[in-house]
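Me: Please take a close look at the charges of this protein, and then set them within the overall fold. I would like one connected account rather than a list.

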Amino acid sequence: MKRRITKVAVIGSGIMGSGIAAHMAGIGLEVLLLDIAPKELLPEEEGLALTDSRVKNRIVNAALKKSLSSKPSPIYHADFARRIQTGNLENDLAKIADVDWIIEVVVERLDIKKQVFESIEKYRKPGTLVSSNTSGIPIHLMSEGRSEDFQQHFCGTHFFNPARYLKLLEIIPGPKTKNEVIDFFSDYGSRFLGKRVVVAQDTPAFIGNRIGIFSIQSLFHRVKALNMTVEEVDKLTGPVIGRPKSATFRTVDVVGLDTLVHVANGIKEHCPDDERHEVFQLPSFIEDMMKQNRLGSKTGEGFYKKVKKEDGSSEILTLDLETLTYRSAKKAQFETLEKTKGISDVADRFKVLCDGSDKAGQFYRAVLGDLFAYVAQRIGEITDTVYKIDDAMKAGFGWQHGPFEIWSALGLENGISLAEAEERVLPQWVYDLKESGASSFYGLNQGHTTFYHLTTKQFERVPGRDAFIILDNTRKTNSVYKNPDFELLDLGDGILCAEFRSKMNTIGADVLTGLNKAIAIAEADFDGLVVGNQGPNFSVGANLGMIFMLAVEQEYEELNMAIKYFQDTMMRMRYSSIPVIAAPHGMTLGGGCELSLHADRVVASAETYIGLVEFGVGVIPGGGGSKEMALRAADTYKNGDVELNALREYFLTIAMAKVSTSAHEAYDLGILQKGKDIVVTNQDQQLAIAKASARIMADQGYTRPIERSDIKVLGRQALGTFMVGTDSMVAGNYISEYDRKMADKLAYVMSGGDLSAHTQVSERYLLDIEREAFLSLCGERKTLERIQHMLKTGKPLRN
């Protein structure tokens, strides 16, 4: 019988438990969140009995409230929290008889976990799934003494914190876990929870933490030997090698030094035969930091410390690893890093970095050589395949490339040399692979990624990826058209993919040219078009540098033509003879949002942060965004909404530069539309679902829509109301004079101009007055200051 999950129970409401509960609620599940009941009253509970539900559920309610108020939010939408029911283990444990999956997330102590599982078994229905979120306690020890049915349906499900954002889910079978249970969790974790699922063996710290903690500990032991500062290490281990901005030491501060130490000590204790056992011994400076309670953000100081200066401003100090005192930050610079500035593909940087003759080059050679030897030795112990280690590090630690992928980018033989230079022992299978003539751990076969399998000694297709579209693989054989910032790819089945390849996927002349070319090619020879990419972000908007230069040089006619070209391209997308699907993810701002607004359908990743942010650079949306919000507001009038109130909501979406913190929130902003646009939890599947949507629309007989000329605008009624509102905001010092100017321009466009009565207008009419307003603001000194500030800092300027 096909297993369905509709209700889950989460036992333990700490940071991890509440986070998992929030994520489960976010995907539509009913959640029962339980924790222990207090043993005594608090002073503010005087007069209440210990049996009072307000007391009984105090711990779980406080933990959930704290979690839901944290930033970034653990849940896709605040309303989804209503799907979580709280309770306590004394009164409510019997309710687990009605759930489909029970997840244990209590403190990392084997004795306590075993007590919890004993209690669970009293109420659990046979066949109900049970799992532990342990980060390293052996699964077989936790299930000892439980019934046969319990053990057959029990395994580890290790989420990484924060559960919503980190995509790794490690599945760890116990000795009696049924294969169908592992298969179910692997599929459910991917399709429904949006995770990169990795099945690990029941070894200490599993895969992600075993490799991740080794990598950090290895670096800790080398820092002083290489005479490196905290800033230098974070400079070398951040975005330059495709890792998070928090790099190493900032990440430890965020996670908590005590958390890292706990896992490192666990590996040291439970892995006595590890050939690098000494690496998990804490360096003296880490031990001293632990004694001084310098644990990071949770204690206010770690490797970094934020302090207030005498003038009231803040400064972030850095820990000197020699003296263990704080000092002002020092800028880290390396000649080797300068050589990588023109290399956009992170994988291509590693050869340059390892060839460096300065301290940075020495650092990379030592750290990578150490890492390569360690991961090679783990094959056969913690997992049987190289791709699982790479998947774990990418999804759990935010690395753009896993260890074996980095090794492959350098070349198999070069990686061997780095390990041997560090006097590390490599397993024989690595030399066997070299002798076979291979230069990498990975290959490509008919558009599918293959990996070297140790057992068969053959390159085999990575399993579970057939539902994914990987553009890096498709690009090599299926390119239809390209220019410097754009490429058109054939996804098969009559569907094309328009991929932006500009810096941060900004939309400039080449991208617009590419979009027009893509539509023309699709209309002539294909059935549909997906606009999507697999970069970190869909698009951060229009090319501000181009707009700034044209405005500074007062080339207003050329700027007018450029903005009209943008508007016309958006209209070409909307009114083409083939379905156009937008597949946004990550930052989808300004022009990227406008593009999504003009697609026939949006297939958005759940982690889409979308909004019209043009007010931040001193202009209104000029690529059809202002027009589109006026149009969407007008469409709500037909539903009986109070017209001016409805228009005000769409106006404020732009005027307040609102950006959704998830795709689900984008519905509230009127950017996504219910019944038309869809949200995908697993971003790896997004392009495949977008392609399928285009195919379905084409098969249903897609017909070119008719341009709108029936858009109701409210004219002076709305314009006057908005202008009175902005006057009041200025008078109350809530906004600046220039903010009022921008708001009044936007009000003019969304009201349809200075019309004496409610009127029906066309899209073209609204686009013309939108463009006129945009151009008038581009001539303002304040706008140029804001654009210049944004180009320099990446942040909006308020003036």
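Reply: The 95 positive and 105 negative charges of the protein have mean positions that lie 2 Å apart, a value that, like every other one here, is computed on a predicted model. As for the surface, its accessible area comes to about 33900 Å², and carbon and sulfur atoms account for 50% of that area.

Turning from the surface to the interior, 55% of the 799 residues count as buried. Two cysteines illustrate this: Cys155 has a relative accessible area of 0% and Cys271 one of 7%, and both count as buried because each value falls under the 20% cut-off. A disulfide is a covalent bond between the sulfur atoms of two cysteines. With a limit of 2.5 Å between cysteine sulfur atoms, the count of disulfides in this model comes to zero.

The overall dimensions can be read alongside these values. The C-alpha trace spans about 80 × 70 × 65 Å along its principal axes, and the radius of gyration is 28 Å, which agrees with the value near 28 Å that a compact globule of 799 residues would have. Within these dimensions the chain forms 32 helices and 25 strands. As to how parts of the sequence meet, if one takes the contacts between residues at least 6 apart in sequence, 69% of them join residues that are at least 24 apart.

Terms used
Residues numbered from 1 in each chain as written. Predicted model: local features only at pLDDT ≥ 70, side-chain atom pairs only at ≥ 80, totals over all residues. Heavy atoms only, no water. Helix = DSSP H or I, 4+ residues; strand = E, 2+ residues; numbered from the N terminus. Rg over C-alpha atoms; globule rule 2.2 N^0.38 Å. Buried < 20%, exposed > 50% of the residue type's maximum accessible area, 1.4 Å probe, protein only. Contact = heavy atoms within 4.5 Å. Areas by Shrake-Rupley, 256 points an atom, 1.4 Å probe, with all protein chains shown as cover. Lys, Arg positive; Asp, Glu negative; His and termini not counted. Charge placed at Lys NZ, Arg CZ, Asp CG, Glu CD.
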